[in-house]
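Hi,

Here is the structure I said I would pass on. Have a look at it first, and then read my notes underneath.

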Amino acid sequence: MEQRHNISPRDEALEHIKWYIEQNHLAPRTRLPGERELCALWGVNRATLRSAIQRLVNEGRLYSVKGSGTYVAPPKLERSLQDAKSTSESVRSAGFVLQSKVLDIQVLECSRSISQKLQIPLGRKVFYLSRLRIIDGTPYMLENCWVNWELCPGLEEHDYTTESLYHVLNSHGVYPVRGEEQVGITYATEEEAAQLRMTAGDYLFYRSGVTRDEGGNPVDYFKSVARPDKVRFSTVLYKRAKDRRDA
């Protein structure tokens, strides 16, 4: 007997909205028609339509402006979990305009935790850099990194509002080419929320990891939090030949 799967009114309205945007080739920041017009167009009630719109707002596909209406959201930055590109490379290759605001920069003695991450003796000098990363005028990520200072003395003398840290490292013969990272969910502190223009307690993407040079030596340890409405992470799935044979 054939099974029937009924779609909920909200999900049906959600699909109507996505279809409308696609069929009318609505560009980012384009205003959608008013609720009354959309309800009449698709024969849905206002509560159902508002629920669908809110779902798309939560997903970062739409955004609302109080007293103005609902708009198509700009596309999110897509970050691959399988490359070792710097933030600067990823953002600019995607066609976005990147700005950086330096929040802290110093050379200090590494803590026990950082010495373990970078595999250097406790108390060894490390370069610390904290930046707010901004895409098209909107803050999207707080980024902190610690670099083994002895790999590249003088790191603190550069202007990281305009220069890429990895570009500076490369110019001194240091090339991060691989590494490992973890991605998870965290919640914005008061300070993070203020910097990212969010509300304390809102959820954020959390990334941390270590990059390594061709010899497998740690170059830097990084931690960052990012707004989920501004970035998404992707990966490519594949099966090895042996796995396919055993399936």
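**What I found**

Let's start with Ser224, which sits in strand S9 (residues 218-226). Before going on, please keep in mind that this is a predicted model. Ser224 counts as buried, because its relative accessibility is 4% and the cut-off for buried is under 20%. What does Ser224 touch once its neighbours within four places in sequence are left aside? The contacts are Met141, Leu142 and Glu143, along with Phe205, Tyr206 and Arg207. For Tyr206 there is also a backbone distance: its C-alpha atom is 5.8 Å from that of Ser224, although the two residues are 18 apart along the chain.

**The sheet**

S9 belongs to an open sheet of six strands, in the order S4-S5-S6-S9-S8-S7, and the pairing is antiparallel. Which strands are at the edges? Those are S4 (98-109) and S7 (178-187), each of which pairs on one side only. On average, neighbouring strands in this sheet are turned by 15° against each other, if direction is ignored.

S6 (residues 138-148) is a good strand to follow through the sheet. On one side, ten bridges join S6 to S5, and the two run antiparallel. S5 and S6 also make a hairpin with two residues between them, and in that turn Asp136 has a positive phi of about 50°. Along the S5-S6 pairing, Arg133 stands opposite Met141 of S6, and Tyr128 has Trp146 of S6 as its bridge partner. S6 also pairs with S9, again in the antiparallel sense, over seven bridges. There, Trp146 stands opposite Tyr221 of S9. How much of S6 is covered? Most of the strand: ten of its eleven residues are buried.

If you click on Trp146, bring up Tyr128 and Tyr221 as well, since the three form one aromatic cluster. So the bridge partners Tyr128 and Trp146, and the facing residues Trp146 and Tyr221, come together in that cluster.

One more residue of the sheet to look up is Thr211, in strand S8 (residues 203-212). Thr211 is buried too, with a relative accessibility of 9%. Beyond its neighbours within four places in sequence, Thr211 has a long list of contacts, including Tyr166, Pro176, Arg178, Gly179, Asn217 and Phe222.

**More on the aromatic residues**

A search of the whole structure turns up five aromatic pairs. One of the pairs to look at is Tyr63 with Tyr71: the ring centres are 5.5 Å apart and the planes meet at 15°, so this pair is stacked. Are these two tyrosines buried or exposed? Tyr71 counts as buried at 14% relative accessibility, while Tyr63 is partly exposed at 28%. There is also a charge over a ring: Lys125 lies over the face of Trp149, at 4.7 Å from the ring centre.

**The cores**

Now for the nonpolar residues. In soluble globular proteins, nonpolar side chains tend to be buried together. Here, the largest nonpolar core has 16 residues, and the ones with the most contacts inside it are Ile17, Ile21, Leu32, Trp42, Leu49 and Leu62. The elements that give two or more residues to this core are helices H1 (9-23), H2 (35-42) and H3 (46-58). Of these, H1 gives the most, with five residues. To see how Ile21 reaches other parts of the chain, leave aside its neighbours within four places in sequence: Ile21 is then in contact with Leu26, Leu32, Leu62 and Val72. Another core lies apart from this one and has 15 residues, among them Phe127, Val168, Val174 and Phe222. You have met Phe222 already, as one of the contacts of Thr211.

**Two loop residues**

Last, two residues with a positive phi that are not glycines. His25 has a phi near 50° and is found in the loop between H1 and H2. Gln119 has a phi of about 55°, and its place is in the loop between helix H5 (112-118) and strand S5 (125-135). Both count as exposed: His25 has a relative accessibility of 70%, and Gln119 has 55%.

Cheers

Technical notes
Residues numbered from 1 in each chain as written. Predicted model: local features only at pLDDT ≥ 70, side-chain atom pairs only at ≥ 80, totals over all residues. Heavy atoms only, no water. Core = buried A, V, L, I, M, F, W, Y, C linked by side-chain atoms within 4.5 Å. Buried < 20%, exposed > 50% of the residue type's maximum accessible area, 1.4 Å probe, protein only. Helix = DSSP H or I, 4+ residues; strand = E, 2+ residues; numbered from the N terminus. Contact = heavy atoms within 4.5 Å. Phe/Tyr/Trp six-rings, centres within 6.5 Å; stacked < 30°, edge-to-face > 60°. Lys NZ or Arg CZ within 6 Å of the ring centre and 35° of its normal. Pairing = 2+ DSSP bridges. Axes fitted to C-alpha atoms, helices over the stretch in contact; angles between N-to-C directions.
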